There are 2 protein chains.
Amino acid sequence: MDEAFSEEPGRQTQRSSASVTLEDVARVAGVTAMTVSRALHRPELVRSETQKRVLDAVRMTGYVPNMLAGALASNKSRLVALLLPTIATSIFTDTVQAMMDSLAASGYQTLLGLTGYSATREEELVHTLLGRRPDGIVLTGTDHTPLTLERLSKAKVPIVEIWDLTDDPIDMLVGFSHEAVGAAVARHLLAKGYQRFGVVSADDPRGLRRSHSVIWELQRHGVDHVPIEVLKAPATLQTGREGLIRMLKTGLPEVLVCSTDTLAQGILIEAASRGMNVPHDVAVMGFGDLNTAAHLHPALSTVRVDGPAVGTTAAEALLSRFNAKALEETAVLRVDVGFKIIDRESVAGYR
Amino acid sequence: MDEAFSEEPGRQTQRSSASVTLEDVARVAGVTAMTVSRALHRPELVRSETQKRVLDAVRMTGYVPNMLAGALASNKSRLVALLLPTIATSIFTDTVQAMMDSLAASGYQTLLGLTGYSATREEELVHTLLGRRPDGIVLTGTDHTPLTLERLSKAKVPIVEIWDLTDDPIDMLVGFSHEAVGAAVARHLLAKGYQRFGVVSADDPRGLRRSHSVIWELQRHGVDHVPIEVLKAPATLQTGREGLIRMLKTGLPEVLVCSTDTLAQGILIEAASRGMNVPHDVAVMGFGDLNTAAHLHPALSTVRVDGPAVGTTAAEALLSRFNAKALEETAVLRVDVGFKIIDRESVAGYR
DNA sequence: CTGTTAGCGCCTTCAA
DNA sequence: TTGAAGGCGCTAACAG
């Protein structure tokens, strides 16, 4: 090879995998790296003709900004960490979709972590996710281990807790009271004249609180001996079927209150497979408005929670924090998105 | 203040938000930053007594490794980008859960992007996600814009396409043939003696291919005039109800084939609300095994796809690539996970 | 087994 | 409106 010696060996440590850099673009455009950076992020600071040259160079080279480097240098990752118990149950999907849409529209990307309703797992995930230096963190629920809280406060990252309410949020909060849901459900069913109740619950923290709140409120109204079946989280249709089967053994009440629509639908399936008539043989109450208000099952009532609202509100809360210049303009956010009980009588008025 | 002058102003550009660095830990442990780094990532290279001192220092300082810096320096982000059409429909949730579990177990985090079944949106997402320099990318489906393909090939990142099969995958592939699904469904139903068919489909690419394949196969067997209702993606229970309503207008067949279990369940709900008897008045066939095989609705048949297997296989494919030293040991992966038709007759044998 | 040196690719700051 | 210098926090490579 004639050109064998044209290879400049040098010390050549750390060859990146030949990815195009700002400098490469700059060379092609005949400017400095700094000007390219400006043209890309603050075009108003660059002469429009330069701007054009830079954009052409970007196109020619196929430059993809290295956000790892950008984040390191600017101390802004444009990353939001989202911690969810699970995506196996559709109860959170609307929230996630809405949140990610809002964030993406503002140039933020989402790091997802699944905790499986385990506070310990959440603790680990918070730790590793903090390693990415996210600009914001979204946590599901308000129960966290002491270590989680310590790490979060140390990190000084904007935080939104969602899907629950508490008097001492870590930072911002978008949710509703699960106790209030349970109590409202109990009163709703009492008002309808039901007297014998049963509860089928997944053993996730918030589901249990809703379920127990139903029972407490019933007791307050003189209804004792409300049987409860607690089933493994996450709730699935199968879990729901199992719930009905167990309830049948202990004696079927007039109405079954479920911690989640998925359980409720499972119960409907099991009931159908046994030729039972819902709500005649047993009425079923769900939770979450998992496609329910709009798609109300003829035999199912439920509690509607506005999942998308939770997502957009949480996203906007974070975004406003990101854009706040001074600490003074950072609003304290605490939103109760509320909920609404939906059944055949109310659904017409609902949409 | 006596110590006002003890503040060393210097040039002090770019104060980070006071986060603990390797150097801080090193100082406390009485070693160099490099030794701390080793103690954390390659403990076998460090004397165990040093190791202990370092870990103590880490604990005392509350050090959280900055993975942005680590990724930049090592050219390994330990990030996997996952592009999904949507999480609104539960069809992908098992896959996601399984994949994230596998990846997390190996220290990889997941960046999520939702395309909404839009190739253009996918194109944008691939671009921005590539900015994070992920070590691997998982794409849903095999249809991508030319620009997407160009960017991906330029990035030289390991890629797995999931939930479909093709003869020219970008890189690795874990899925099944949607044409084969449709044809198998058609033959299955013909064998059962059905003669009048209808198809209800969401208008997502793979759903449509399954649906059309059903119709083609029926035609091959002499069944013409199979009506199809195409509804907006993503499929919801409400969409399913709408599907049945439309089908009732054009005349109800003996069996309705749905592109997804969600649609099928919506149809069951609408049927129930009209007092119709499934499968007597109309039989319903779903797809996806969304809780179905294990929780078989008495009136529903479906096609089981092993979602978790797709997830773990994809994750393991990526991981083996990440761990491969040489190009030669990187396996070409092309897995057909297959599928299975499930109905009341076969479900007993199924699990 | 541990330390030193030299970047990774970008952005902040200051100077022109 | 543009450029030059320096550093973000970490790790590869080499030296001891």
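Two strands pair if DSSP finds at least two bridges between them. Keep that in mind for the sheet below. The model on screen is predicted.

**Stop 1: the sheet**

Select the strands of chains A and B listed here. They form an open sheet of twelve strands with mixed pairing. The order is β11(A)-β5(A)-β4(A)-β3(A)-β1(A)-β2(A)-β2(B)-β1(B)-β3(B)-β4(B)-β5(B)-β11(B). Go to the edges next: β11 (334–336) of chain A and β11 (334–336) of chain B each pair on one side only. Neighbouring strands of this sheet are turned by 20 degrees against each other on average, direction ignored.

Zoom in on chain B. Select β4, residues 159–162, and β5, residues 172–175. These two strands pair in the parallel sense, over three bridges. To see one bridge, pick B:Ile162; its partner in β5(B) is B:Val174. Strands of a sheet pair through backbone hydrogen bonds, either parallel or antiparallel.

Now add helix α12 of chain B, residues 307–323. Helix α12 lies across β1 (79–84), β3 (136–140), β4, β5 and β11 of chain B. Against β5(B), the helix runs at about 165 degrees.

**Stop 2: an enclosed strand in chain A**

Select β10 of chain A, residues 300–304. Why is this strand largely enclosed by the rest of the structure? Four of its five residues are buried, so the surroundings largely enclose β10(A).

Show its partners. Strand β9 of chain A, residues 283–285, pairs with β10(A) in the parallel sense over two bridges. Click A:Val284 and find its bridge partner in β10(A), A:Leu300. Strand β12 of chain A, residues 340–342, pairs with β10(A) in the antiparallel sense over three bridges. Here A:Thr302 has A:Ile342 in β12(A) as its bridge partner.

**Stop 3: DNA strand D**

Select DNA strand D and the 31 residues around it. Nearest are A:Thr32, A:Thr35, A:Thr50, B:Leu22 and B:Tyr63. Of the atoms of DNA strand D that come within 4 Å of the protein, sugar and phosphate account for 71%.

Check three contacts in chain A:

- A:Thr32 places a polar side-chain atom 2.2 Å from a phosphate oxygen of DNA strand D.
- A:Arg38 has a polar side-chain atom 2.5 Å from a base oxygen of DNA strand D.
- A:Arg47 uses a backbone N or O atom, 3.0 Å from a phosphate oxygen of DNA strand D.

Then colour by element. Two or more residues each come to this surface from α2 (33–41) and α4 (67–74) of chain A, and from α2 (33–41) and α4 (67–74) of chain B. Which element gives the most to the surface near DNA strand D? That is α4(B), with five residues. By class, the surface near DNA strand D holds 13 nonpolar, 13 polar and five charged residues.

**Stop 4: DNA strand C**

Switch to DNA strand C, which 30 residues surround. The closest are A:Tyr63, B:Thr32, B:Thr35, B:Arg38 and B:Thr50. Sugar or phosphate makes up 69% of the atoms of DNA strand C within 4 Å of the protein, and bases the rest.

Check three side chains:

- A:Tyr63 has a polar side-chain atom 2.3 Å from a phosphate oxygen of DNA strand C.
- B:Arg38 brings a side-chain N or O atom 2.4 Å from a base oxygen of DNA strand C.
- B:Thr50 has a side-chain N or O atom 2.3 Å from a phosphate oxygen of DNA strand C.

Finish with the elements. Helices α2 and α4 of chain A and α2 and α4 of chain B each supply at least two residues of the surface near DNA strand C. The largest share, five residues, comes from α4(A). The residues near DNA strand C divide into 13 nonpolar, 13 polar and four charged.

Key:
Residues numbered from 1 in each chain as written. Chains lettered and ligands numbered in written order. Predicted model: local features only at pLDDT ≥ 70, side-chain atom pairs only at ≥ 80, totals over all residues. Heavy atoms only, no water. Near = heavy atom within 4 Å. Polar contact = N/O pair within 3.5 Å; in protein donor to acceptor, adjacent residues only side chain to side chain. Nonpolar A, V, L, I, M, F, W, Y, C, P; charged D, E, K, R; others polar. Axes fitted to C-alpha atoms, helices over the stretch in contact; angles between N-to-C directions. Contact = heavy atoms within 4.5 Å. Buried < 20%, exposed > 50% of the residue type's maximum accessible area, 1.4 Å probe, protein only.
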